[in-house]
Amino acid sequence: MEFIMALDVSIGKSYAVIYQDQTCIYEGEIAHNQYGFQQLLDKIQRLTGKMMVVFESTGIYSKPIESFCQKNKLPYCLLNPLAAKKQLEQGTLRSWKTDKHDARVLAQSHHLHKREEKVHQSDVYQNLRDLSRFYQEIEGERRSSVCACTYTTPSS
């Protein structure tokens with residue numbers, strides 16, 4: 001048996017649904033805190049079968065979910081926001097946005113789309129990427145300040 005857990009991620013919380021085939025077996029809101037994640041893990045561990053977690057990348061708001069999946073060795077699909085939007089709107093004249101609706105459609109449409117499981121990079125590569133971004137930010141600020149100094153003229 002395969003289970004699909006889809007999450008619509010918001011600030012500090014997510015709306016989660018768990019589907020087995022096309023049947024919803026759980027639906028509810030989870031807080032992005034220790035208690036909320038423990039409740040979610042308990043629900044997942046009670047299920048017998050393979051679990052795939054699907055959610056849209058929402059920058060810093062989806063990081064706790066990604067960390068939760070990595071820590072608990074859960075396979076997950078991290079969707080590009082534009083791709084997720086197109087998948088949600090496919091076959092509908094969707095003009096509304098609700099967390100419940102988005103989570104349900106992500107779960108129901110999982111088998112229709114070729115979604116690849118996210119491969120977790122080694123911490124070394126993650127740290128290297130973070131340091132590289134930090135360096136680029138500092139270098140950009142340095143260049144901006146050099147340019148600003150070059151073009152200023154003293155007032156007489």
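Here are two short exercises on the predicted model above, each with a worked solution.

Residues are numbered from 1 along each chain as its sequence is written. In this predicted model, local features need pLDDT of at least 70 and side-chain atom pairs count only at pLDDT 80 or more, while totals for chains, interfaces and linings use all residues; side-chain values use heavy atoms, with hydrogens and water left out.

**Exercise 1.** Work out the strand order of the open sheet, and find which strands are at its edges.

*Solution.*
- Begin with the elements: the protein chain has five helices and five strands, taken as DSSP runs (H or I of at least four residues for helices, E of at least two for strands) and numbered from the N terminus.
- Next, pair the strands, asking for at least two DSSP bridges between two of them. The open sheet then reads β3-β2-β1-β4-β5, with mixed pairing.
- Now look for strands that pair on one side only: these are β3 (23-31) and β5 (76-79).
- Finally, check one pair. β4 and β5 run parallel and are joined by four bridges; Val53, for one, has Tyr76 in β5 as its bridge partner.

**Exercise 2.** Place Tyr61 in the chain and decide whether Tyr61 is buried, partly exposed or exposed.

*Solution.*
- Locate Tyr61 first: this residue sits in the loop between β4 (50-56) and α2 (63-71).
- Then take its relative accessible area, 37%. Buried means under 20%, exposed over 50%, and partly exposed in between (1.4 Å probe, protein chains only).
- Tyr61 is therefore partly exposed.
- For context, 34% of the 156 residues in the protein chain are buried.
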